Amino acid sequence: MQQERYYSVRMRAARNGTYEGDGKHISGGELLSTYNNIKQAVNALLDKALTHSRGNPDFMQIQFEAITEPIECIPPLTIKTHEVESADRGKELSQELLAKAGIQRKVIEKAYRYLEKYSNMRGAMLVDIHSGERVDDRGSKGVRVSRMDWLNDNFEKWAAHYGLPNHSRMKEALILASKVSAYPATVAELCWSDDPEYITGYVASKEMGYQRINKLKEYGDEQGCRIFFVDASREWDRYLYYLEKQPVFIHWEGKRDG
Ligand code: WAQ
Ligand code: MG
Ligand code: MG
Ligand code: MG
């Protein structure tokens with residue numbers, strides 16, 4: 001599977017956007033592709049951004065580059081879905097799950113307050129689990145996790161095994177959460193979409209797995225969230241390298257016993 005050469009393909013689209021990264025974030029995407037599939041990969045990213053519910057972009061960048069490092073293989077997180085009746089209950093449940101993952105209440109509350117300050121993120125905020133301070137210095141760019149994918153055949157086997165729909169949004173989110181949580185400095189992640197029509201989000205950690213919550217915001221709300229709760233002081237550069245540069249394939253080994 002990893003004999004072939006792979007390319008990292010990335011897309012970023014914005015409204016009133018520039019090369020410097022200003023404007024309203026519309027859509028981003030990242031995947032790994034073989035040389036023969038680059039056209040298809042670029043088209044998939046183009047489609048994702050041209051038909052986006054956050055609006056039509058007037059700026060888009062798509063780039064690819066060959067990967068020279070070995071690609072790490074990581075299993076997908078286990079997955080569980082919680083049904084709640086309201087966004088308020090969903091937020092409460094997300095806080096309970098974060099607390100279960102070992103994050104102090106005051107840190108969780110502080111992290112939630114950052115969301116009001118940064119409302120146009122295209123990456124993740126990194127919050128220190130000891131101080132509750134935001135520790136990346138990327139402003140509204142945040143840290144964009146990249147160079148990751150899950151080969152479709154293997155993903156489809158996994159989805160069929162668990163009776164889950166072949167859902168590209170869930171696939172993308174599970175790829176990211178599985179990559180991010182596999183690094184020991186990540187204690188937990190909190191996420192919901194900035195797309196106004198998508199209200200399901202999740203809390204993830206290596207031990208707890210990917211815990212989906214069907215309602216974390218109201219329909220129409222364009223405020224998204226991606227927070228990594230981290231304990232990374234001693235290995236900050238390595239951690240950032242892992243998130244942004246380490247190539248990773250998610251791979252499910254299959255289960256004979258169900
Ligand atoms: N790296 C870091 N942060 C990212 C990345 C990335 N590669 N992609 C997105 N984000 C951040 C960014 O701030 C976005 O505004 C925010 O996350 C939301 O991104 O049913 O669709 O792609 O199981 O809109 C989760 C539930 C869906 C899926 C999440 O997020 C399910 C989603 P979106
Ligand atoms: Mg997006
Ligand atoms: Mg996405
Ligand atoms: Mg989005």
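Start by selecting Glu189: at 1% relative accessibility, this residue is buried. Keep in mind that the model is predicted.

Next, add Arg226 to the selection. Glu189 and Arg226 form a salt bridge, with 3.0 Å between the closest N and O atoms. The bridge joins distant parts of the chain, since Glu189 sits in strand S8 (residues 186-192) and Arg226 in strand S11 (residues 225-230), 37 residues apart. Unlike its buried partner, Arg226 is partly exposed, with a relative accessible area of 24%.

Now go to Asp194 and Asp195. Both are buried. Show the ligands as well: Asp194 and Asp195 coordinate the magnesium ion (ligand 4) through OD atoms, at 2.0 to 2.2 Å. A second ion to select is the magnesium ion (ligand 2), which is 3.3 Å from the magnesium ion (ligand 4).

Then select Glu65 and Arg147. These two form a salt bridge, and their closest N and O atoms are 3.5 Å apart. Glu65 belongs to strand S3 (residues 59-66), while Arg147 is in the loop between strand S6 (125-128) and strand S7 (148-149), so the pair ties together parts that are 82 residues apart in sequence. Glu65 is partly exposed at 33% relative accessible area, whereas Arg147 is buried at 6%. Add Arg10 and Glu69 to see a network of salt bridges that links them with Glu65 and Arg147.

Last, select Lys215 and Glu218. They form a salt bridge too, with the closest N and O atoms 3.2 Å apart. Lys215 is buried, with a relative accessible area of 16%; Glu218 is partly exposed, at 45%. The count for the model is 19 salt bridges.

Key
Residues numbered from 1 in each chain as written. Chains lettered and ligands numbered in written order. Predicted model: local features only at pLDDT ≥ 70, side-chain atom pairs only at ≥ 80, totals over all residues. Heavy atoms only, no water. Donors = N, O, S within 2.8 Å, 3.2 Å for Na, K, Ca; no water. Buried < 20%, exposed > 50% of the residue type's maximum accessible area, 1.4 Å probe, protein only. Salt bridge = Lys/Arg side-chain N within 4 Å of Asp/Glu carboxyl O. Helix = DSSP H or I, 4+ residues; strand = E, 2+ residues; numbered from the N terminus.
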